[in-house]
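Thanks for making time this morning. I will go through one chain, starting from its interior and working outwards.

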Amino acid sequence: MTSVTANMTQRLKDGFMRFLIWREHHIKEKNFVLLLAFAVGILGGLAALVLKFLIHSISGLLTAHVNIASGNYLYILLPAAGVIISALYVRYIVRDDISHGVTRVLYAISQNKSRLKRHNIYTSVLASSVTIGFGGSVGAEGPIVFTGAAIGSNLGAAFRMSPRILMILVGCGAAAGIAGIFKAPIAGMLFTLEVLMLDLTTVSVMPLLIASITSATIAYIYTGYEFEFFFIQSEDFYTSRIPFVILLGLVCGFASLYFTRVMNMMENFFRRFKNRWVKTLVGCLILSGLVFLFPPLYGEGYGSIVGLLAGDTSSIVNGSIFYGDRYSVWFLAGFIALVVLTKAFATSATNGAGGVGGTFAPSLYVGCLTGFLFAFVVNQLGFDIELSTKNFALIGMAGVMSGVMHAPLMAIFLTAELTGGYDLFLPLLIVSTIAYGTIKVFEPYSIYTMRLAQKGKLLTHHKDKAVLTLLKVNNVIETDFHPVRPEMTLKEMVDTIACSNRNLFPVINDKEELVGVVLLDDIRNIMFRPDLYRKMYVSKFMSMPPGKIEIGDSMEDVMKLFDNTGAWNLPVVENGRYVGFVSKSKIFNSYRRVLRHYCED
């Protein structure tokens, strides 16, 4: 039986190799990429459906008997149970870090030639469905982006696609994930362009469109044509409301800044815990306490968004210990404000404790509540003008998302596609632009990119920086230099020169540490004097290099060092030990090659 299985496997491999050869001769790469994008769209759409089904099934099963008229102690137990199950699954079954999905996709694009591990196709779906279904206060969009990108990466790798094509297919997978889970094809494509920062070229635009449209079509086929969030614009938007829209844009900008700063603060807080179980315990205590006090923090929170967009204000307190038939408007405003302020803590506690989820949905959630609260408070202040809380809740979604993700176009179209609120396109444009401009003053990078940007590992639309990010020091190191020792005589030095075609020689000690360099020009006046052959030693005429490159330095830092020193060659060291040299000419040649390879249309 084993031999039969082995024979069948070998036949499949041989047949696949024959197909690859046939494809190379009969189907142009550009056309084949479109076919792969179509396949990625189908698989990404199906993955989004599976994730949504699992989340809703688990959540519905666990909360079927929750009493909306009072506090529920299940809210203390369920989120913690989900996080613990997810943490155990990740630590002992997956055995790999699958958190921060969008950031990991960005890292794979810039540092790993767009290659993602095969298990990422399904592990994020399983872990996040448990985390969110049990009440973890995170979103499913980060995991589905990770899943879609892994689908694109592994499908492209299976068909032996180049790194440039793999990058496009990773973008297709991410776009398919967003388009499938939100039924928003335009937003899916814009997410890839603004958040993952792929260039919109004639090569990439068609695959991205095909993947997004295909995935959204799959979602429409299986879930119908209803919008994700039911919204009917029963109140018209008048131009007299524009000053308040501008003010909301500023409020959303600062709300997104608060959300980003709290998420970073809490991430640093959880990083201090060396014991995993202590970290999980602390995170679960924070999460369960917040969800018990503020049930709208349970899960993705989409129920609260649907209620506010439908004009059902009172539903926000359902299931809480503060539930009551009558309460003041200022109590309601204070309750919503506390939910907005604590959402970032609940989200970071979920991830910090070991849960798996993203910040996509939380930013939508915070934006909806911020917009609603803004209009609600303005209406209570006694102005002659009455703002529509429904309209401003929808507009706020675009504002905070634009600021948190630094993606104003995606925020505009995603909000419109989620709700059908196209009649509010002008205020969506205004709020998204102002919120984005506001947070850019304080945070130059989004919540996804700031960590990579600090390490110089972020791929951006800036061509020069993008190419330098794709270049690695390891790939441009030259090792054909002949090292010499400090105790060597001038005669031994001359013999070494005779065997080398270089004019530069590293000086290393017994520990292989770089202690200096010898330049041929510096000893040219003495190398032909035999009387000095036994008297002069390398330690006497060696010099220190103008700078050293560490093996882990980014190429941008390397180029700055070349500019500051004016050197043409610089040594590379690893913890002081000599590795080789990097030359400007080698970098320029590699730069030109990468530029042509990744940026061609």
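Before anything else, a definition: when I say that two residues touch, or are in contact, I mean heavy atoms within 4.5 Å. What you have in front of you is a predicted model.

Let me apply that definition to Phe191. Leaving aside residues up to four places away in sequence, Phe191 touches Val102, Val145, Ala174, Ile178, Leu196, Phe360 and Met410. Phe191 also belongs to the largest nonpolar core, which has 144 residues. The residues with the most contacts inside that core are Phe182, Phe191, Phe360, Met405 and Met410. Which helix gives the most to this core? That is helix 14, residues 360-380, with 13 residues. Three of the names you have just heard, Phe182, Phe191 and Phe360, are linked into a cluster by ring pairs. There is also a second, separate core of 17 residues, and Val507, Leu532, Val538 and Phe541 are included in it.

Now the overall picture. The chain has 25 helices and five strands. Its C-alpha trace spans about 105 × 65 × 50 Å along the principal axes. Of the 601 residues in the chain, 55% are buried. Taking contacts between residues at least 6 apart in sequence, 76% join residues at least 24 apart.

Next, helix 15 and helix 16. Helix 15 covers residues 389-405 and helix 16 covers residues 408-419; they pack at an angle of about 145°, with axes 8 Å apart. The crossing of helix 15 past helix 16 is right-handed. On the helix 15 side, the contact is made by Leu394, Met397, Ala398, Met401, Ser402 and Met405. On the helix 16 side, it is made by Pro408, Met410, Ala411, Leu414, Thr415, Leu418 and Thr419. What classes of residue make up this contact? Ten are nonpolar, three are polar, and none is charged. Met405 and Met410, on opposite sides of this contact, are both on the list of residues with the most contacts inside the largest core.

The loop between helix 15 and helix 16 holds His406. Its phi is near 55°, a positive value in a residue other than glycine. Is His406 buried or exposed? At 10% relative accessibility, His406 counts as buried, because the cut-off for buried is under 20%.

Lys183 can be described in similar terms. Lys183 sits in the loop between helix 7 and helix 8, and its phi is near 55°, again positive in a residue other than glycine. Lys183 is buried, with a relative accessible area of 6%.

A little further along, Pro185 lies in helix 8, residues 185-194. Not counting residues up to four places away in sequence, Pro185 touches Ala179, Ser212, Ile213, Ala216 and Glu417. Pro185 and Gly136 are 49 residues apart in sequence, and their C-alpha atoms are 27 Å apart in space.

Compare that with Ile42, in helix 2, residues 29-62. Ile42 and Ala219 are 177 residues apart in sequence, and 9.7 Å apart in space, C-alpha to C-alpha. Ile42 touches Thr214 and Ile218, with residues up to four places away not counted. At 27% relative accessibility, Ile42 counts as partly exposed.

Helix 12 is next, residues 302-309. Six of its eight residues are buried, so helix 12 is largely enclosed by the rest of the structure. The buried ones are Tyr302, Ser304, Ile305, Gly307, Leu308 and Leu309. What do they pack against? Helix 6, helix 7, helix 14, helix 15 and helix 16. Just after helix 12, Gly311 takes a positive phi of about 85°.

Last, the aromatic pairs, of which the structure holds 18. I will show one of them, Phe481 with Phe581, which is tilted: 4.6 Å centre to centre, with 40° between the planes. Phe481 lies in the loop between helix 20 and helix 21, and Phe581 in strand 5, so the pair ties together parts that are 100 residues apart in sequence. Phe481 is buried, with a relative accessible area of 5%. Phe581 is buried too, at 1%.

That is the end of the tour, and I can take questions now.

Key
Residues numbered from 1 in each chain as written. Predicted model: local features only at pLDDT ≥ 70, side-chain atom pairs only at ≥ 80, totals over all residues. Heavy atoms only, no water. Helix = DSSP H or I, 4+ residues; strand = E, 2+ residues; numbered from the N terminus. Axes fitted to C-alpha atoms, helices over the stretch in contact; angles between N-to-C directions. Left-handed = near helix turned anticlockwise from the far one by under 90°. Nonpolar A, V, L, I, M, F, W, Y, C, P; charged D, E, K, R; others polar. Core = buried A, V, L, I, M, F, W, Y, C linked by side-chain atoms within 4.5 Å. Buried < 20%, exposed > 50% of the residue type's maximum accessible area, 1.4 Å probe, protein only. Phe/Tyr/Trp six-rings, centres within 6.5 Å; stacked < 30°, edge-to-face > 60°.
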